[in-house]
Amino acid sequence: MEQIAYLSLGSNIGRREEYLSRAIKQLEETGQIVITNFSSIYETDPVGYKNQSNFLNMVIEVRTKLTPEQLLKAGLTIEKRLGRKRDIRFGPRTIDIDVLLFNEERIQTNELTVPHPRMNERSFVLIPLAEMNGAIHLPAVGVSVEQQVKVLGTDGVRLWIQKTSEDVYDLFENA
């Protein structure tokens, strides 16, 4: 049975757009993940560890027959392939791929928590998600994504490439 999931992608090292593009291409190349929608790309201030470059962040919607754990593993494999190092918590990274939502399921294992445990506090995740589907309900805070964006505000999140721009389509087609 095909599942719907939302993934957050972020990069703040090197050619950030290229890392986003390569991650998306590699997700699709698994043959088990289809990108069905994606947000604009936002440049965002670092959160947590501040002594690093700004990020580019976006959210993608995927359809997959993978389990949540298999989807997480696919993301982690791609992160490693693209040079992700985990030296500093919330530190610089070539690419970060997080499972935000998986259908409307709540999942709690040693490896995976869905909905993502910190997404309700992160405008850089919620703004792109709201762009795609602001009506999604966030169970931990009891409001929609759109309502939570209003609570958090948009400080530190700036539009980088708008989804309707040919630049976004070119970015992913030329990966």
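Student: In this predicted model, how many residues does helix H2 have, and what is its reach from the first C-alpha to the last?

Tutor: Helix H2 runs over residues 68-81 of the predicted model. An expected rise of 1.5 Å a residue would give 20 Å, and the reach from the first C-alpha to the last is close to that expectation. Helix H2 therefore combines the two values asked for, 14 residues and a reach of 20 Å.

Student: On which side or sides of H2 do the buried residues lie, and which residues on the other side are exposed?

Tutor: The buried residues of H2 are Pro-68, Leu-71, Leu-72, Ala-74, Gly-75, Ile-78 and Glu-79. Because they cover an arc of only 160° around the axis, they are placed on the same side of H2. The exposed residues on the other side of H2 are Lys-73, Lys-80 and Arg-81.

Student: What covers the buried residues of H2?

Tutor: The cover is drawn from helix as well as strand elements, and it includes helix H1 (16-29). The strands included in that cover are E1 (3-11), E2 (33-38), E5 (96-102) and E6 (107-108).

Student: Which element gives the most to the lining of the largest pocket?

Tutor: The largest pocket has a volume of about 770 Å³, and of the 37 residues that line it, the closest to its centre are Arg-86, Asp-96, Asp-98, His-116 and Arg-118. At least two lining residues come from each of E1, strand E4 (55-64), H2, E5 and helix H3 (123-133). By class, this lining has 16 nonpolar, 9 polar and 12 charged residues. The element that gives the most, with 5 residues, is E5.

Student: Which elements give two or more residues to the lining of the second largest pocket?

Tutor: The second largest pocket has a volume of about 260 Å³, and of its 14 lining residues, the closest to the centre are Leu-101, Asn-103, Glu-104, Ile-136 and His-137. By class, the lining of this second largest pocket has 8 nonpolar, 3 polar and 3 charged residues. The elements that supply two or more of the lining residues are E1 and E5.

Student: Is Phe-38 buried or exposed?

Tutor: Phe-38 has its place in strand E2, and its C-alpha atom is separated by 24 Å from that of Gly-142, which is 104 residues apart from it along the chain. The relative accessible area of Phe-38 is 14%, and the cut-off for a buried residue is under 20%. Phe-38 is therefore buried.

Definitions and conventions
Residues numbered from 1 in each chain as written. Predicted model: local features only at pLDDT ≥ 70, side-chain atom pairs only at ≥ 80, totals over all residues. Heavy atoms only, no water. Helix = DSSP H or I, 4+ residues; strand = E, 2+ residues; numbered from the N terminus. Buried < 20%, exposed > 50% of the residue type's maximum accessible area, 1.4 Å probe, protein only. Arc of directions from axis to C-beta. Contact = heavy atoms within 4.5 Å. 1 Å grid on protein atoms, 1.4 Å probe; cavity = no way out; pocket = protein on both sides within 12 Å on 5 of 7 lines; lining within 4 Å. Points joined across faces, edges and corners; volume = space filled by probe spheres on them. Nonpolar A, V, L, I, M, F, W, Y, C, P; charged D, E, K, R; others polar.
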